Amino acid sequence: MKNKKFDELLIKIKNKDAKIGVIGLGYVGLPLAILFAKHGYPVTGFIRNEKKLQDLQSGKNPISDSTVDEDLKKVIGDKLQVNIISNDSISNQDIFIICVPTPVSEDKIPDLADLKSVALRLSKIDLLGKLIVNESTVAPFTTREVFGNFNGDYFLACSPERIDPGNKSKNTENIPKVIGGKDNRSLELLEILYQQILKTEVVKVSSLEAAEMAKMLENTYRAVNIGLINEFAKLADECKIDILEVIKAASTKWSFHAHYPGIGVGGHCIPVDPYYILELAKKKNVLMPIVEKGLHENEGMPKFVMGKVLKNYKKGMSVLVYGITYKRDVADLRESPVTVFCRKLAEKNIPFCVYDPFFEKKDIKSMGFEPGSVKKVDMLIIGTNHSSLLKDYVEIIGDNTIVIDGRNYFVQKVGIAVYGVGRTLV
Ligand code: SAJ
């Protein structure tokens with residue numbers, strides 16, 4: 001039976017008439033759904049939000065990645081349909097690609113609620129001969145535990161997403177795809193499916209768990225190395241050595257991969273994913289102190305930058321925080337260290353305003369902060385080094401402005417002085 005079903009699905013994939021259900025149309029699911037639709041597959045995106053459904057059906061792109069705007073308009077209502085998820089609405093798909101969030105709670109506990117709610121729906125339908133693909137970032141064994149025990153003969157694979165929001169050169173089509181399967185048939189189906197739409201290599205590994213672990217490693221590597229450079233930046237500050245000069249020099253060594261210090265580490269991946277591997281390590285009684293320390297180092301950076309404010313702030317100064325998002329040129333607040341930093345400013349009763357070109361004044365207000373504008377201030381704090389700073393900074397910085405540069409944006413002195421993270425320009 002399994003071989004017959006395998007052959008049937010394989011033919012559908014090659015003929016591009018396999019019905020593909022993409023569950024979750026965020027920064028991962030939407031570009032992927034559009035790409036499959038562009039290649040001629042009948043795709044249905046499944047979401048929970050009625051308003052987002054109407055926006056998508058009218059061709060309005062709900063994610064901050066504007067590179068998919070045009071393609072969305074081309075496929076929506078034709079090869080790409082969008083539907084509210086229900087047990088009935090998903091039942092007639094041949095392939096399910098799961099792209100739902102896997103966040104952590106306030107106390108850093110992995111939260112699989114969205115993933116498990118999808119699994120519950122899938123457990124209620126006839127999966128015979130169908131393929132389930134998990135793209136959501138999880139620790140090893142999770143895909144198997146959550147999606148591996150349904151009734152009937154079906155195929156199961158995983159391919160942890162690697163989207164880099166805001167990156168214009170790397171996108172769904174050209175980022176190498178790591179895939180793992182419950183068995184060889186599952187792996188082969190996913191390899192052929194992705195080969196139909198990607199312009200880059202599909203990297204097969206030997207198991208679901210190897211694919212899940214690869215994702216954990218690549219993002220934990222990044223988090224820990226950012227933690228390392230943040231530690232070096234603190235020492236550089238004390239030694240009055242310019243950390244950017246040091247990084248530039250170290251980068252001439254072939255085996256050195258540069259990371260940069262700053263006000264902290266945000267986003268849905270880097271500060272989050274390592275907590276998934278730490279939870280697994282704890283279950284397996286394996287200590288990972290380097291991972292833990294690296295994360296805590298990053299989480300302490302808003303406080304470190306706050307120390308620079310307290311050294312230079314005088315009562316009555318006008319203070320502007322420029323940029324509130326987690327990284328440059330991305331309208332995304334998830335885990336943003338700047339919001340943590342702003343709450344510390346408020347705790348110290350330092351009056352301040354926030355300006356971010358990606359948000360309107362009403363948005364800043366709804367975050368609980370006083371909206372600011374691009375005009376002269378006594379203290380400018382760089383929270384996010386948006387490209388718009390290039391035109392805005394001259395309007396904000398006067399001869400008596402003190403700059404606290406949370407992203408080491410400035411390469412030469414402006415105002416009275418620039419206090420960066422691991423460097424000072426006076
Ligand atoms: N950051 C630093 N120093 C650095 C690099 C980043 O402080 O040297 C901070 C950023 O300001 C940001 C956070 O870390 O607050 C995350 O930065 P990021 O560039 O890693 O941005 P993300 O979260 O969008 O990372 C994505 C990730 N994609 C996925 O996980 C699917 C990550 O895997 C990629 O490594 C990253 O893009 C990338 O740029 O390659």
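Start with the six-strand sheet: select β10, β9, β11, β12, β13 and β14, which lie in that order in an open sheet with mixed pairing. At its edges you'll find β10 (353–355) and β14 (424–425), each pairing on one side only. A word on the terms: strands (E, at least two residues) and helices (H or I, at least four residues) are DSSP runs, numbered from the N terminus. Two strands pair if DSSP finds at least two bridges between them.

You're looking at a predicted model, where local features need pLDDT of at least 70, side-chain atom pairs count only at pLDDT 80 or more, and totals for chains, interfaces and linings use all residues. Residues are numbered from 1 along each chain as its sequence is written, and side-chain values use heavy atoms, with hydrogens and water left out.

Next, click on β9 (319–322). Four bridges join β9 to β11, and the two run parallel. Three bridges join β9 to β10, also in parallel. Pick out Y322: on one side its opposite number is I382 in β11, and in β10 it stands opposite Y355. Are the faces of β9 covered or bare? Both are covered, with V319 and V321 on one side and L320 and Y322 on the other, all buried (buried means under 20% relative accessible area, exposed over 50%, partly exposed in between, with a 1.4 Å probe and protein chains only).

Now add helix α14 (residues 337–347), which lies across β9, β10 and β11 (377–382) and runs at about 165 degrees to β9. Such angles run from 0 to 180 degrees between N-to-C directions, using axes fitted to C-alpha atoms, for helices over the stretch in contact. Contact here means heavy atoms within 4.5 Å.

Before leaving this sheet, visit β13 (residues 417–419), which pairs with β14 in the antiparallel sense over two bridges. Select Y419 and look across: its bridge partner in β14 is T424.

Time for the ligand. Which residues are closest to it? They are D164, N219, R222, Y260 and Y326, out of 19 that surround the ligand (a residue counts as near if one of its heavy atoms lies within 4 Å). Turn on distances for three polar contacts, meaning pairs of N or O atoms within 3.5 Å:

- The side chain of N219 has an N or O atom 2.7 Å from a ligand oxygen.
- A polar backbone atom of G266 is 2.9 Å from an oxygen of the ligand.
- A polar backbone atom of Y326 is 2.6 Å from a ligand oxygen.

On its own the ligand has 740 Å² of accessible area, and the protein covers 86% of that (by the Shrake-Rupley method with a 1.4 Å probe).

On to the eight-strand sheet. This open sheet reads β3-β2-β1-β4-β5-β6-β7-β8, with mixed pairing. Its edge strands are β3 (80–84) and β8 (202–204), each pairing on one side only. From one strand to the next, the twist averages 25 degrees.

Zoom in on β1 (residues 20–23) and β2 (residues 43–47), which pair in the parallel sense over four bridges. There, I23 stands opposite F46 in β2. Helix α3 (residues 50–57) packs on this sheet, touching β2 and β3, and its direction makes about 165 degrees with that of β3. Then show helix α9 (residues 208–239): it lies across β6 (155–158) and β7 (177–181), at about 150 degrees to β7.

Last stop: T142, in helix α7 (residues 142–147). T142 is buried, with a relative accessible area of 8%. Leaving out residues up to four places away in sequence, T142 touches L112, L115, F147 and E212.

Technical notes:
Polar contact = N/O pair within 3.5 Å; in protein donor to acceptor, adjacent residues only side chain to side chain.
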